[in-house]
Amino acid sequence: MECSINRGPEVINNIAIIGANMAGARAAESLRSAGYDGDIHLIGEEPWRPYERPPLSKEFLWEGGVPSGNFYLHDEHWYAANRVDLRLGVRASAIDLRAGTVTLASGETLQADRILLSTGGAARRLPLPGAEATNVHHLRTLGDATGLAADLRPGAQIVIVGMGVIGAEVAASARRMGCSVTAVEPFAAPMIRALGDRFGAWLGDYHRKQGVRALYGRSVKGLRLSGGRVCAVILDDGEELACDAVVVGIGIVPAVELAKDAGLMLGNGIMVDAQCRTSNPAVFAAGDVADQPDFFGGRVRMETYQNAAEQGAAAAAAMLGQPVEYCRPCWFWSDQYDLNIQVTGRIDAQKQVIMRGRVEDDAFCAFFLSGDLVTGALTANRSADMGVAKRLVERRARVEPARLADPDVPLREILKQSAS
Ligand SMILES: Cc1cc2nc3c(=O)[nH]c(=O)nc-3n(C[C@H](O)[C@H](O)[C@H](O)COP(=O)(O)OP(=O)(O)OC[C@H]3O[C@@H](n4cnc5c(N)ncnc54)[C@H](O)[C@@H]3O)c2cc1C
């Protein structure tokens, strides 16, 4: 067993991971499985050990605010057993690149030969007076979800502000809990940035059929308070929506403060290269906070489970000096009602769209093609198709569009015969 990683004259004995959730925990795990035997400090400002966020808008709410299944990424003994120094409920307040140290809000200073910033992001707050009322929910953490679950009572009137992924998932969960749901969304359909106009319209129709009253092309201008709680949401045209609780899903703000203070290069997040390295060679970043090279060229910041897990692992390898080339197409899923929606690559209305299955049946796979190149895919209740679609996109596969459109040709055959 190695004692530390020796890279020529440089010995890495201390690694500090700031941000103890998906990307940070996967990085810690990967460091140990790669044989790194030095110190690992995993620092998280939340009081809970790393856990799964996806259930927070789904199962966790359906179960009335109780975690179920494999909610935590590791059992509580895993950290000590793997000599991961897990510091919870404490914020890292500064990094000193010259001294190679991380300072905690408690005043303690930790040595760090390498630093990973896996600080994710915070839910963007609704910038209106009253938004801090206890019945206005922003959903990012276990604490947020616990508060929201308590307000999703049968018959409660819930107003959702923003029908992006989180808003649409909470709308579906609230209907499942017997709430009356009204959604306000400035765009013309839910999840329009992720799904595009056509499939956004399909999803909007699905929510309508499930009893969601959605007001598209509208925005929120104010909140009416009564007894310290919001009792109505005021829209741009003056309409007032009476409510028992409000759920705000208007995106996240990447947590770049430490990187900014340390003078690291920022874009739409902390800028990293394909080795997950920031503008300082001893500091890396991964997950929702990282502005990284896009598979299709340019740059992107992803807010997906898969990216956080895989980039966290890639950053671990890179910190140990292993060869890393992390540049993957995006993939994510969303569960709403009985729909499982998955997206990979780029959903671009300008591209040729080839359908398998029918939108009307709520079970289909849409492939997006640039010439004969598969650049993206969207599935609804066809996860097996997504398995193949992901590989077609990752391989930059060239296909015969006519065969892709032919439902009698199995997708696996197309994958086998595709040229990349
Ligand atoms: C409700 C919800 C549902 C989701 N559902 C899906 C889904 O269905 N499919 C999908 O693909 N993705 C989903 N996601 C997205 C996915 O969970 C995220 O992409 C993933 O959690 C990002 O992981 P991360 O480690 O990069 O960041 P985070 O999970 O945000 O973790 C960052 C951690 O760093 C901590 N931190 C920040 N600054 C400091 C500091 N200075 N000191 C110490 N700690 C700090 C934060 O408190 C936080 O705990 C969902 C997200 C949410 C919120």
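A residue counts as near a molecule if its C-beta atom, placed from the backbone, lies within 6 Å of it. Keep that in mind for the first exercise, and remember that this is a predicted model.

**Exercise 1. The ligand and the domains**

Task: Work out which residues are closest to the ligand and between which domains the ligand lies.

Solution:

Step 1. Start with the shell, where 35 residues surround the ligand. The closest are Gly19, Asn21, Arg53, Gly120 and Gly287.

Step 2. Next, look for elements that give two or more residues to this shell: they are helix H1 (22-33), strand S4 (39-44), helix H8 (305-319) and strand S25 (331-336).

Step 3. Sort the shell by class, and you find 16 nonpolar, 12 polar and 7 charged residues.

Step 4. Now bring in the domains. Domain 1 covers 5-55 + 69-122 + 253-319, domain 2 covers 125-250, and domain 3 covers 338-417. The C-alpha centres of domain 1 and domain 2 are 32 Å apart.

Step 5. Both domain 1 and domain 2 contribute residues to the shell, so the ligand lies between them.

**Exercise 2. A parallel sheet**

Task: Find the strand order of the open sheet of 5 strands and name its edge strands.

Solution:

Step 1. Reading across the sheet, the order is S5-S4-S3-S9-S22, and the pairing is parallel.

Step 2. The edges are strand S5 (84-88) and strand S22 (283-285), each of which pairs on one side only.

Step 3. On average, neighbouring strands here are turned by 15 degrees against each other, direction ignored.

Step 4. Zoom in on one pair: strand S3 (residues 14-18) runs parallel to strand S9 (residues 114-117), and 4 bridges join them. In this pair, Ala16 stands opposite Ile115 of S9.

**Exercise 3. An antiparallel sheet and a hairpin**

Task: Explain why strand S6 and strand S8 each have one side without a neighbour in the sheet, and then describe the turn between S15 and S16.

Solution:

Step 1. The open sheet of 3 strands has the order S6-S7-S8 and antiparallel pairing.

Step 2. Strand S6 (92-96) and strand S8 (109-111) are at the edges with a single partner strand each, so one side of each lacks a neighbour in the sheet.

Step 3. Neighbouring strands of this sheet are turned by 25 degrees against each other on average, direction ignored.

Step 4. Strand S7 (residues 101-104) is joined to S8 by 3 bridges. Here Thr103 has Thr109 in S8 as its bridge partner.

Step 5. Move on to strand S15 (residues 220-226) and strand S16 (residues 229-235), which pair in the antiparallel sense over 6 bridges. Leu225 has Val230 in S16 as its bridge partner.

Step 6. S15 and S16 form a hairpin with 2 residues between them. In the turn, Gly227 has a positive phi of about 60 degrees.

**Exercise 4. Buried or exposed?**

Task: Decide whether Met191, Arg396, Leu128 and Pro323 are buried, partly exposed or exposed.

Solution:

Step 1. You need the cut-offs: a residue is buried if 20 or more other C-beta atoms lie within 10 Å of its own, exposed if 12 or fewer, and partly exposed in between.

Step 2. Met191 has 24 other C-beta atoms within 10 Å, so Met191 is buried. Its place is in the loop between strand S13 (180-185) and helix H6 (192-209).

Step 3. Arg396 has 16 C-beta neighbours inside 10 Å and therefore counts as partly exposed. You will find Arg396 in the loop between helix H9 (383-394) and helix H10 (401-405).

Step 4. Leu128 counts as partly exposed because it has 17 C-beta neighbours inside 10 Å. Leu128 is in the loop between strand S10 (121-123) and strand S11 (136-138). Leaving out residues up to four places away in sequence, Leu128 touches Gly222 and Leu223.

Step 5. Pro323 has 7 other C-beta atoms within 10 Å, so Pro323 is exposed. Pro323 is in the loop between H8 and S25.

**Exercise 5. Backbone angles and distances**

Task: Say what the phi values of Met191 and Arg396 are, and how far apart Pro323 and Asp244 are in space.

Solution:

Step 1. Recall that most residues other than glycine have a negative phi.

Step 2. Met191 has a positive phi near 50 degrees and is not a glycine. Arg396, also not a glycine, has a positive phi of about 50 degrees.

Step 3. From C-alpha to C-alpha, Pro323 and Asp244 are 53 Å apart in space, with their positions 79 residues apart in sequence.

Technical notes: Residues are numbered from 1 along each chain as its sequence is written. This is a predicted model: local features need pLDDT of at least 70, side-chain atom pairs count only at pLDDT 80 or more; totals for chains, interfaces and linings use all residues. Domain bounds come from an automatic or database domain assignment. Two strands pair if DSSP finds at least two bridges between them. Axes are lines fitted to C-alpha atoms, for helices over the stretch in contact, and angles run from 0 to 180 degrees between N-to-C directions. Two residues are in contact if their C-beta atoms, placed from the backbone, lie within 7 Å. Ala, Val, Leu, Ile, Met, Phe, Trp, Tyr, Cys and Pro count as nonpolar, Asp, Glu, Lys and Arg as charged, and the others, Gly among them, as polar.
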